Amino acid sequence: MRSSLIVIVVLYQSIPTYAFGDHKLLSKLQVRGGDDQSTSDQSLPSTEAEKDKGGASESKAFVEAKSGSDNKDTLSKGSSPGTQSSTSTDPTYGRKGITSTLSITSKLAKDIRGHFGDTKKNVGKIKDASLLSLKMKADKLKEQQFSLRETLHLDLASNTWIKLRGMSNAGLHSLGQRSNKTFNTLFAEPHGETTIILAVLTICLLGSSIGFRSYLYFVSVGQSVGIGLVSMISLIAFNVLSKYPIPILTSIQSFLAFLWSIRLTYFLLHREYVNWPERHEQLEEVEQRATTKEKFSVWWICASFYAMMIMPCIYRLKAAFVGSPRAVWGKIGKLGIVLQCFGLSLESIADYQKGAFKIREGNRNLWCNEGVWKYSTHPNYLGEITFWAGTYLGSMACYTNVLQWAVCTMGLMFTVVVITTATISLDLKQFRKYGLDEDFIEYRQTHCIFGPFHRRNKELLTL
């Protein structure tokens with residue numbers, strides 16, 4: 001840009017030199033006759049002298065050379081014999097020089113403008129190319145940075161995962177060793193009998209503590225939850241930590257106890273909140289009358305008997321855990337498994353059929369005589385007794401001392417006593433409620449909890 005300005009300045013300074021000379025030449029151009037040739041000749045040497053002096057710029061040299069050549073042609077024409085006087089007196093002489101100078105100036109201006117335009121375009125192209133190159137480099141750097149960051153993150157994540165996996169494996173290994181040591185202490189050593197009972201009792205206390213929500217839950221939902229927790233934990237722990245293979249029938253026995261707890265829990269809660277909402281109101285009234293002392297007493301007593309009920313499964317698992325020959329299943333044990341399956345099926349069907357009968361319109365205050373209820377007055381209780389009797393028989397071969405026999409027998413007797421008391425109480429309620437129904441009286445004369453048979457009990461009829 002600076003060089004272009006220098007060319008313009010030089011051009012502006014050189015134009016008066018060869019086109020107009022000094023003020024003398026201007027005065028001659030303005031006067032139509034002009035002076036003699038000597039005046040013209042005097043202006044030329046000055047132009048030649050300026051040409052000889054030269055300049056620092058190539059544009060000035062070009063202009064002066066061009067003007068010198070034009071002046072030489074003019075001088076040659078003017079100094080030729082016979083034409084000198086006509087040239088000096090020609091009125092168009094000055095105009096021609098001005099026209100020639102202006103044409104050269106306009107040409108140079110066009111060249112300069114073209115040069116400026118090309119330069120501007122080139123600068124724009126260079127600028128665009130530079131910006132594009134910088135953008136490409138920036139994108140490439142961003143990709144490299146992102147790739148490096150991902151690599152670092154993956155490395156960090158991989159290292160972290162390796163460390164966490166190592167820590168978890170070490171923790172699991174340590175936990176497994178401690179668990180094996182604990183189980184060996186509890187089940188392999190003879191003096192661990194009391195510890196086993198206390199551990200089962202603790203879990204039953206935890207499950208039956210739901211009775212603090214509602215007082216009657218201690219003898220209903222608390223029983224199913226407590227026994228279910230013991231059966232589930234023992235089944236998983238023994239199969240995972242045992243060095244000896246656990247027989248499939250042993251696992252089935254504990255699994256049937258777990259299914260029993262799930263079924264009973266669902267039935268009780270569904271009956272209370274869905275099929276029989278009035279039952280929930282009754283439970284709330286009992287809850288308000290119960291004291292804290294009564295709750296703690298019932299909690300400990302019920303949890304203790306629940307632990308005794310599930311102990312046959314624990315002793316069977318213990319025998320398999322230590323690799324005892326008693327863990328082998330004999331005929332009595334297999335009979336116990338059959339009774340478990342039959343009892344669980346019977347009570348499940350009985351509860352379902354009675355619930356479906358009671359929810360039908362108009363049947364709420366009627367006694368159920370459909371399905372298995374046509375053959376037994378209390379098929380659900382019969383199935384309950386059969387299930388726990390089968391559990392007791394299934395583990396008889398694994399009882400090794402008096403304490404084990406006493407604990408398991410007390411658990412079975414607790415079940416029999418509770419169910420017998422429940423059936424007597426329910427019979428009294430039914431006679432008061434349906435005692436005027438001749439079909440009900442005839443049914444009760446020929447049926448009991450174990451099935452149909454001919455029976456006449458005058459005492460029941462008078463209740």
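Met232, Ile233, Ile236 and Val240 together form a nonpolar surface patch of about 360 Å², where a patch is built from residues with over 30% relative accessible area and no salt bridge, like charges being joined within 9 Å and nonpolar side chains (Val, Leu, Ile, Met, Phe, Trp, Tyr) within 5 Å. A salt bridge here is a side-chain nitrogen of Lys or Arg within 4 Å of a carboxyl oxygen of Asp or Glu, and accessible areas come from the Shrake-Rupley method with a 1.4 Å probe, with only the protein chains shown counting as cover for residues. The model is predicted, so that local features need pLDDT of at least 70 and side-chain atom pairs count only at pLDDT 80 or more, whereas totals for chains, interfaces and linings use all residues. Residues are numbered from 1 along each chain as its sequence is written, and side-chain values use heavy atoms, with hydrogens and water left out.

Of the patch residues, Ile236 lies in helix H8; helices (H or I, at least four residues) and strands (E, at least two) are DSSP runs, numbered from the N terminus. Helix H8 (221–241) is also one of the elements against which the buried residues of helix H13 pack, the others being H9 (248–275), H11 (292–321), H12 (331–358) and H14 (402–434), with contact taken as heavy atoms within 4.5 Å.

Helix H13 covers residues 379–394, and its end C-alpha atoms are 22 Å apart, in agreement with the 22 Å expected for 16 residues at 1.5 Å a residue, the expected span being 1.5 Å times one less than the number of residues. Helix H13 is mostly covered, since 12 of its 16 residues are buried, a term that means under 20% relative accessible area, while exposed means over 50% and partly exposed lies in between (1.4 Å probe, protein chains only). Among these buried residues are Leu382, Thr386, Phe387, Trp388 and Tyr392. Thr386 is 7.5 Å from Phe342 in space, C-alpha to C-alpha, although the two are 44 residues apart in sequence. Phe342 is found in helix H12 and is partly exposed, with a relative accessible area of 49%.

Ile196, in helix H7 (residues 193–208), is buried at 2% relative accessibility. Ile196 and Lys318 are 122 residues apart in sequence, yet 9.8 Å apart in space, C-alpha to C-alpha.

A search of the whole structure finds zero disulfides, a disulfide being a pair of cysteine sulfur atoms within 2.5 Å. For Cys398, the closest cysteine sulfur, in Cys408, is 9.6 Å away, which is too far for a bond. Cys398 is buried at 4% relative accessible area, and Cys448 also counts as buried, at 12%.
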